[in-house]
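Biologist: I should like to learn how the features of a structural model are read. Could we take them one at a time?

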Amino acid sequence: GDGGAGGGGGAGGAGGATAKKSAAKKSTTKRGAGVTAANTGGTGVAGGSRDLRGELRDFARSRPGGWGHDEWQGLLGDLRGRGHDVSDEGAVGMQLERERLAHQLEDVGGLGKKADALVDRFETVYSLRQASVDDIASVKGIDRQLAERVKERFS
């Protein structure tokens, strides 16, 4: 399976309730503006700690195959302990999934900034895996040859 928070597959990290919450209330958080601004009043983190996006990016990079429920709950606890507002677990989970997808897209040569458009369109590794080459190629800036390379990476 895919693992991950709200990604819809395998041993999903956020668990069923959060995944359903994510699906019911689709996050419009963009990678970069992120949950930090949305959930911490735009101030980042209390006490000048790392920003939430950086924390999520590191967690996702250290677990490219996904994560289990216990790891997800541990991450939320760690983030709370460092002053992050993670009360909207669905939004945090979606931001985490977006960071995971962005990290995995780094493996596709020739994408560069176009990876952001793929993250905006598909949001999760699971969604990109389900997409056809035509779906991927329909994203602005992605030609068919690049779409085929992306599909190959995520197949």
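**Reading the cores and contacts**

Modeller: This is a predicted model. Its largest nonpolar core holds 20 residues, and the members that touch the most other members are Leu105, Leu111, Leu118, Ile136 and Val150.

Biologist: Which elements give two or more residues to this core?

Modeller: Helix H5 (89-105), helix H6 (114-122), helix H7 (125-130), helix H8 (133-137) and helix H9 (144-153) each do so. H6 provides the largest share, four residues.

Biologist: What does leucine 111 touch, not counting residues up to four places away in sequence?

Modeller: Leucine 111 touches Leu105, Leu118, Ile142, Leu146 and Val150. Another core lies apart from the largest one; this second core has 12 residues, including Leu56, Trp72, Val86 and Val92.

Biologist: How should the overall fold be read?

Modeller: One lists the elements from the N terminus on, and here the protein chain runs α-α-α-α-α-α-α-α-α. That gives nine helices and zero strands. One then asks how contacts are spread along the sequence: among contacts with a separation of 6 or more, 60% join residues 24 or more positions apart.

Biologist: How much of the protein chain counts as buried, and what is its accessible surface?

Modeller: Of its 155 residues, 45% count as buried. The accessible surface comes to about 7,300 Å², and carbon and sulfur atoms account for 48% of that area.

Biologist: Glutamate 55 is in helix H3 (residues 52-62). Is glutamate 55 buried or exposed?

Modeller: The reading rests on relative accessibility, with buried meaning under 20%. Glutamate 55 has 12% relative accessibility and therefore counts as buried.

Biologist: With which residues is glutamate 55 in contact, leaving aside its neighbours within four places in sequence?

Modeller: Its contacts are Arg50, Leu79, Arg82 and His84.

Biologist: How is a pair of aromatic rings described?

Modeller: Two quantities are used, the distance of the centres and the angle of the planes. In this model, a search of the whole structure finds one aromatic pair.

Biologist: Where does the charged end of arginine 100 sit, and over which residue does arginine 153 lie?

Modeller: For such cases one looks at the position of the charge relative to the ring centre. The charged end of arginine 100 sits over the ring of tryptophan 67, at 5.6 Å from the centre of that ring. Arginine 153 lies over the face of phenylalanine 154, and here the distance to the ring centre is 4.9 Å.

Technical notes: Residues are numbered from 1 along each chain as its sequence is written. This is a predicted model: local features need pLDDT of at least 70, side-chain atom pairs count only at pLDDT 80 or more; totals for chains, interfaces and linings use all residues. Side-chain values use heavy atoms; hydrogens and water are left out. Buried means under 20% relative accessible area, exposed over 50%, partly exposed in between (1.4 Å probe, protein chains only). Contact means heavy atoms within 4.5 Å. Accessible areas come from the Shrake-Rupley method with a 1.4 Å probe; for residues, only the protein chains shown count as cover. Rings of Phe, Tyr and Trp (its six-membered ring) pair if their centres lie within 6.5 Å; planes under 30 degrees apart count as stacked, over 60 as edge-to-face and the rest as tilted. A charge sits over a ring if NZ of Lys or CZ of Arg is within 6 Å of the ring centre and within 35 degrees of the ring normal. A nonpolar core is a set of buried Ala, Val, Leu, Ile, Met, Phe, Trp, Tyr and Cys residues joined through side-chain atoms within 4.5 Å.
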